[in-house]
Structure formats: C-alpha cells, structure tokens
Amino acid sequence: LCVSSGYYVNLLRVKGSGLLSRHRHPGPVHGHVLKGRWKYLEHSWEASEGSYVFEPPGEIHTLVVPEGVDEMITLFHVTGS
C-alpha cells in the first residue's frame, strides 16, 4: 500500500479452479501472471504464465481460474481504491 501515490500491490493466489466475483476498479490495473492461467468472463482471451494484463479504469470484469489449473498466481498493481 502506498497512500501517498494512491496504489497497492496484490499477489493473488488461487489453488484449483475458482471465481472472483464481478467488480471494477476506479483506476488502471496492471497484472503479471506468474503461474497458471485465468480469464475474464467478459473477454475471449486467456492470461497464461508470463502474460501481462492491463485493465482500463472502470472496466467491469469477473476473473475465472478454469478447471484443470492446479494453482494460479498473479501480481496485480492497482491504482486507486
């Protein structure tokens, strides 16, 4: 958390398949997939190990780790609340 610059960094880890319910962020989000793979229900692409992901401010998305993935780890840099 960096209050003076208005961002935080989150290491999201999901063991097995799962879903992070629909949400949005007021500022941009940058993600780096370190392990596994995942997708957003609202898009056709899939983020896999080594991928960079950009979420524009205000975009609504639902993160899903599909069946068959043992573990997913992604580093997110989130600007704003």
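**Group meeting: a walk from Val65 outwards**

Let's start with one residue: Val65 counts as buried because its relative accessibility is 2%, where buried means under 20% relative accessible area, exposed over 50% and partly exposed in between (1.4 Å probe, protein chains only). Before I go on, this is a predicted model, in which local features need pLDDT of at least 70 and side-chain atom pairs count only at pLDDT 80 or more, while totals for chains, interfaces and linings use all residues. Residues are numbered from 1 along each chain as its sequence is written, and side-chain values use heavy atoms, with hydrogens and water left out.

Back to our residue. Val65 lies in strand 7; strands here are DSSP runs (E, at least two residues; helices would be H or I, at least four), numbered from the N terminus. Which residues does Val65 touch? Leaving aside residues up to four places away in sequence, they are Val14, Gly16, Ser17, Gly18, Arg37, Trp38 and Met72, with contact meaning heavy atoms within 4.5 Å. Val14 is 51 residues from Val65 in sequence, yet their C-alpha atoms are 7.6 Å apart.

Trp38 has its own list of contacts, with the same sequence cut-off of four places, and among them are Val33, Trp45, Leu63, Val65, Met72 and Phe76.

That brings us to the largest nonpolar core, meaning a set of buried Ala, Val, Leu, Ile, Met, Phe, Trp, Tyr and Cys residues joined through side-chain atoms within 4.5 Å. Of its 14 residues, Leu12, Trp38, Tyr40, Leu63, Val65, Met72 and Phe76 touch the most other members. Strands 1, 3, 4 (37-40), 7 and 8 each give two or more residues to this core, and strand 8 provides the largest share, 3 residues.

So much for the core; now the strands. Strand 1 (residues 7-15) and strand 8 (residues 71-79) are antiparallel partners over 9 bridges, and strands count as paired if DSSP finds at least two bridges between them. Leu11 has Leu75 as its bridge partner in strand 8. Strand 3 (residues 29-35) also runs antiparallel to strand 8, joined by 6 bridges, and there Val33 stands opposite Thr74.

Last stop, the lining of the largest pocket. How do its residues divide by class? There are 8 nonpolar, 4 polar and 1 charged, counting Ala, Val, Leu, Ile, Met, Phe, Trp, Tyr, Cys and Pro as nonpolar, Asp, Glu, Lys and Arg as charged, and the others, Gly among them, as polar. Strand 1 supplies the largest share of that lining, 3 residues.
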